Amino acid sequence: AHILRNAGGRVTDDVIRSLVISQQQLGTREIVVLHHTDCGAQSFTNEAFAAQLERDLGVSVHGKDFLPFSDVEESVREDVRKLRESPLIPDDIVISGAVYDVNTGRISEVTL
Ligand SMILES: [Zn+2]
């Protein structure tokens, strides 16, 4: 198994790049999208974050999507959809989604 980690656990072009290498060069056959409760990606909006970066770093990133989310199950569904829609992920690859609850330590599968 290969574990790909990033802020929010979001599916990005670079995650798909890594999955294609994992599957086509190294033979992995299944994907689990795992997000967690109390995620830092739930603590901001793109607009507010852009304003913060402009203020604190003097850099304009308006229009950039940092992939924040408010509903953790919905963000899992969105990322599973993104994988299913990618022509680089074959249709016979099993894809599931789950949420790790940081308070209980339990992982719950998300119905897609
Ligand atoms: Zn997080």
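**From a zinc site to the core**

Let's start at H36, which is partly exposed at a relative accessible area of 29% (buried is under 20%, exposed over 50%, partly exposed in between, with a 1.4 Å probe and protein chains only). This is a predicted model, where local features need pLDDT of at least 70, side-chain atom pairs count only at pLDDT 80 or more, and totals for chains, interfaces and linings use all residues. Residues are numbered from 1 along each chain as its sequence is written, and side-chain values use heavy atoms, leaving out hydrogens and water.

H36 is one half of a metal site: its NE2 and the SG of C39 coordinate the zinc ion at 2.1 to 2.3 Å. Donors here are N, O and S atoms within 2.8 Å of the metal (3.2 Å for Na, K and Ca), and water is not among the atoms, so sites may look incomplete. C39, at 9% relative accessibility, is buried.

Now follow H36 into the sheet, where Y100 in β2 stands opposite H36. Helices (H or I, at least four residues) and strands (E, at least two) are DSSP runs numbered from the N terminus, and two strands pair if DSSP finds at least two bridges between them. The sheet is open, with 3 strands in the order β1-β2-β3 and mixed pairing. β1 and β3 (107–109) sit at the edges with a single partner strand each, so one side of each has no neighbour in the sheet. β1 and β2 run parallel, joined by 7 bridges, and E30 faces V94 in β2.

β1 also has two faces: I31, V33 and H35 are on the covered one, while E30, V32, L34 and H36 are on the uncovered one. That leads to the largest nonpolar core, which has 19 residues; L19, I31, V33, V76, L83, I89 and I95 touch the most other members. Such a core is a set of buried Ala, Val, Leu, Ile, Met, Phe, Trp, Tyr and Cys residues joined through side-chain atoms within 4.5 Å. α1 (13–24), β1 (30–36), α3 (72–85) and β2 (94–100) each supply at least two of its residues. Beyond its neighbours within four places in sequence, I89 is in contact (heavy atoms within 4.5 Å) with L19, Q23, I31, L83 and I95.

One last stop is R10, in the segment before α1. R10 is buried, at 3% relative accessible area. Not counting residues up to four places away in sequence, R10 touches H35 and E78, among others.
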